[in-house]
Amino acid sequence: ILFCSHISHVLIGEKAAESGIDDYLSYICRSPIMRLDIPLFIVKGSTAQDAVLKVGDGKRGIVEIMDSVEMSVGRLGNSSLYTAAETVRNLDRCGSSLICAVELAEPLESDSGAPAGDSPSASEEDGSAAQEGSGKLTAVVYGYAVIRDGKLCKFLDREQAIAVGFLTNKVGLTNVTVRDRHGSLVVLEIDSGGSKVKPVWSETGELTGLNIAVDVRASIVEVSGSSDTRSAEYTDHITAQLEALISDYVSRVMLTSRELRSDFLCLAQAVERDDPSAFRMLPQSFPDLLPSLELQISV
């Protein structure tokens, strides 16, 4: 008899996810010994077997490292956990879902200050380098896997994952880099924010567009130039740079959603709440309408 109550994470390899995850979800939902709130992960560029057998250094194995990944996802803004229950619900309601994506990489230097689970791209901003020739792997957060009709169809990188946080109102701590008026790098820490989605209806009741208003709050945590950070001109410039950066991230995510005809953000629910009767009269499904909708994004 197998007892699986100790299982705390489910990892699915990239090619297995491309073939379809319905059987895995069905097993979790039907099994009396698996929890529905267990978080799912897609292993980008590798298999779940490699994650289990190749991750670790003798002191920490895949279980401990995935615990660190889960903790980092909880405090960072470059991804969010999706459980088996949430994935089933999203696939049923929206036809698509997001799942946290991880990739296998060499661990960061021990003195970099970045725990296991942090994205390599986030550490690169701090000048951290990966160990060379260590022969040991760890699991780090990549972003998201987009699941449409039960199959993996695309990955969203860290920058797009930040935008997903705003569009789903799950904004966590994350660092982004902009430049001041002199071209010097400025590191900003985003600590809160969110968005409101307002559908645009024509006089005849047709859905013609989406207005997406994004709110972001951030602090300056590191500057490399000698500008006066207390001046209004400096603050206005950095604010404009941040607005443009987040607008670009959000635009890229919405473009991906349109190209895939995938409502992985579950925006249809916001449209339906705005006007249930008009939503029921839509000539096509919301994902099929996405490419024809006019998008207005303001930050």
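This passage looks at the aromatic pairs and the largest pocket of a predicted model.

A search of the whole structure turns up two aromatic pairs. One of them brings Tyr 82 and Tyr 144 together edge-to-face, with 6.1 Å from centre to centre and 75 degrees between the planes. Tyr 82 sits in the loop between helix 4 (62–75) and helix 5, while Tyr 144 belongs to strand 4 (residues 138–148), so this pair ties together parts that are 62 residues apart in sequence. Tyr 82 has 6% relative accessibility and Tyr 144 has 2%, so both fall under the 20% cut-off and count as buried.

The other pair, Tyr 142 with Phe 155, is edge-to-face as well, at 6.2 Å centre to centre and with 80 degrees between the planes. Here the link runs between strand 4, home of Tyr 142, and strand 5 (residues 151–156), home of Phe 155, and the two residues are 13 apart. Phe 155 is buried, with a relative accessible area of 14%. Lys 44 joins in too: it lies over the face of Tyr 142, 4.8 Å from the ring centre, and its charged end also sits over the ring of Phe 155, 5.6 Å from the centre of that ring.

Then there is the largest pocket, which holds about 410 Å³ of space. Its lining is made up of 20 residues, with Leu 167, Thr 168, Leu 265, Cys 266 and Gln 269 nearest the centre. Helix 5 (84–94), strand 7 (185–201) and helix 9 (268–274) each put at least two residues into this lining, and helix 5 gives the largest share, four residues. By type, the lining is a mix of nine nonpolar, five polar and six charged residues.

Conventions. Residues are numbered from 1 along each chain as its sequence is written. This is a predicted model: local features need pLDDT of at least 70, side-chain atom pairs count only at pLDDT 80 or more; totals for chains, interfaces and linings use all residues. Side-chain values use heavy atoms; hydrogens and water are left out. On a 1 Å grid over the protein atoms alone, a cavity is a set of points where a 1.4 Å probe fits but cannot get out, and a pocket is an open set with protein on both sides within 12 Å along at least five of seven lines; lining residues have an atom within 4 Å of a point. Grid points are joined across faces, edges and corners, and a volume is the space filled by probe spheres set on the points. Ala, Val, Leu, Ile, Met, Phe, Trp, Tyr, Cys and Pro count as nonpolar, Asp, Glu, Lys and Arg as charged, and the others, Gly among them, as polar. Rings of Phe, Tyr and Trp (its six-membered ring) pair if their centres lie within 6.5 Å; planes under 30 degrees apart count as stacked, over 60 as edge-to-face and the rest as tilted. Buried means under 20% relative accessible area, exposed over 50%, partly exposed in between (1.4 Å probe, protein chains only). A charge sits over a ring if NZ of Lys or CZ of Arg is within 6 Å of the ring centre and within 35 degrees of the ring normal.
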